[in-house]
Amino acid sequence: MQFDAHARMRLAELLVYSRVLSAVERSNLETSLATKYGLMRRAELSGEVAWLNPGSTLILANGSELLTVSSDGPFTFAQPLSGGYGVTVASQPPGQTCTVTNGNGVSTTRVTNVLVRCTPFVFKRVRAPTTADATTLSSTFVEMPDLGAVRFRTTRADETALLTLTVPYLGGPSDGTAASFFGDAIVGIEVDGTVLDEATFQSANWGQGGPATVTTLARLAPGTHTVRPVWRRGRVWGTPTALPIRLIGGPMLAAHLRTIFTGTVLDSLTTYHSSREARGVPSVTASAAFVPLAIPPLTWTSPMNEKTIVGLRAPDPNSPSNVALRLTVDGVTVSSNNFQHSYSKKPVFPTVVVASPTGPHVASADWRTTGTAARLTTAPSVFQVAFDGATPSASVSSTANAPSTAVGVDAVIPGLTTTLTLANAGPVLLMLNVNAAYSNSNGGTGLVSLEVDGTPVAGTQSQSQNNSVSVPVNIITVETLTAGTHTIRGTYRNVAGGHLLDGSNNLHAIVLNP
């Protein structure tokens, strides 16, 4: 069925494979055999689809012939070419706009260079909270439950993916008894078999848990890529020593306390401009004054008045007392976290969206401690992602926190309310950074949430440990919003003796498909 002519001969060759060949492998094999035995390939019309969101479908048309495509990769129309052809998109996938390149021409021979690219490429995977522990005793990274891997293709060299993982409640090893010990619970993002970045939440007492956020920029070569959220248990000090870690909604099983794994290929965004990342080395400091983290200054140049995300990632700061981390752009502090460790580790990811005037810019990070030492056992990093000035965005910041005295009531964090107007329905990147969630009781809990139009869409739970130490809270998610004006705000709920400490809080929203 693949050829205009067939060989009149005995069986010439039998090829046996241990797996099913991909469409590209099969096409290459058929071309090789056709050349070898003097056969003419059918005049087929084929090409490739790139950046189709996982789980979506689009319908292509060539004249009256329709072809449904449900995944990235090669496609071939059933009818052979007999002259003019014109490939169009008959039905767009939800939330994306796909365009055709090299789709028109005249040919009676094989055409293989039709390219269909879909924008924006944005995926989101959600794990709902559960009353049952989802445990792992693995000391090596394994896939997190109920999320799964995401696979997609890139077609050009050095494309970049922005990947985020927000975990609302990550508990260290615990058996629920009065045994006091430290335990590491670690989550990460794996790209093509390599864990690019991770975050450690270390329980100080009885496995009390809290939030963890991971984000990374992945540089991708052309080809098929697999990304997935992973987790493992780390060291345990004290007894017992062979307990699982927990990935649950926490004591508060609110519906929006969900583990969220999102990603986007930045090159698929029409307003994406540039991205940079500077990675440091593990650090130790004993300074009571701010000293630079061991990260090279991150520099970039803005050709226009851009909207720029700048982030500081510190996976596992550790100190016997308070630690403060600060992020600056062009010498001005734009975001910070101040929190108490009491020898346990809490991941930090302060972010900010700034307008970058035309010209060169530099981002740097520093830190200090009120104790005798502070330590980072995993390398920190600073990154920036820039969008052109036409990108709608909204950003607010505040240093005021009204203590939440009413139990079970979601109170708006002062200054963390903003509005965003969308001309078209589409995905919006939302980021909430709270300086320090605190409780005045050992084991007390609080709930930090991100709301859109009065409905919580994501949240994290903080649980104070070992004399009410405070923790930073970071939420990153992608939400698909309708056209029109939306109200976005950060809230806090006192569950058991919880409130917020004064400090730098930030709320950001960036439209990914203007």
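A cavity, as the word is used here, is a set of grid points inside the protein where a 1.4 Å probe fits but cannot get out. With that idea in hand, let us walk through the structure above, which is a predicted model.

We start with the enclosed spaces. Counting cavities of 30 Å³ or more gives 4 of them. The largest cavity holds about 70 Å³ of space. Which elements give two or more residues to its lining? They are β12, spanning 159-171, and β18, spanning 259-265. Of these, β18 supplies the largest share of the lining, with 3 residues. If you would like to find the lining in the 3D view, look for residues including Leu 162, Thr 164, Gly 263, Phe 387 and Leu 512. What kinds of residues surround this space? The lining has 7 nonpolar and 4 polar residues, and no charged ones.

Charged residues come into view when we turn to salt bridges. Across the whole structure, a search finds 15 of them. One joins Glu 25 to Arg 19, and their closest N and O atoms are 3.0 Å apart. Is Glu 25 buried or exposed? Glu 25 counts as partly exposed because its relative accessible area is 30%, which falls between the cut-offs of 20% and 50%.

Another salt bridge pairs Asp 146 with Arg 127, with 3.4 Å between the closest N and O atoms. This pair links distant parts of the chain: Asp 146 sits in the loop between β10 and β11, while Arg 127 belongs to strand β9, and the two are 19 residues apart. Their surroundings contrast as well. Asp 146 is exposed, because its relative accessible area is 60%, whereas Arg 127 is buried, with a value of 5%.

Now follow the chain further along, to Glu 451 and Arg 489. Their side chains meet in a salt bridge at 2.6 Å, taken from N to O. Where do the partners lie? Glu 451 is in strand β34 (residues 445-452) and Arg 489 is in strand β37 (residues 484-494), so this pair too links distant parts of the chain, 38 residues apart. Here Glu 451 is the buried partner, because its relative accessible area is 4%. Arg 489, with 28%, is partly exposed.

Salt bridges can also share partners. In this model, such shared partners join Asp 197, Glu 277, Arg 279 and Arg 313 into one network. Try picking out those four residues in the structure as the last stop on our walk.

Definitions and conventions:
Residues are numbered from 1 along each chain as its sequence is written. This is a predicted model: local features need pLDDT of at least 70, side-chain atom pairs count only at pLDDT 80 or more; totals for chains, interfaces and linings use all residues. Side-chain values use heavy atoms; hydrogens and water are left out. On a 1 Å grid over the protein atoms alone, a cavity is a set of points where a 1.4 Å probe fits but cannot get out, and a pocket is an open set with protein on both sides within 12 Å along at least five of seven lines; lining residues have an atom within 4 Å of a point. Grid points are joined across faces, edges and corners, and a volume is the space filled by probe spheres set on the points. Helices (H or I, at least four residues) and strands (E, at least two) are DSSP runs, numbered from the N terminus. Ala, Val, Leu, Ile, Met, Phe, Trp, Tyr, Cys and Pro count as nonpolar, Asp, Glu, Lys and Arg as charged, and the others, Gly among them, as polar. Buried means under 20% relative accessible area, exposed over 50%, partly exposed in between (1.4 Å probe, protein chains only).
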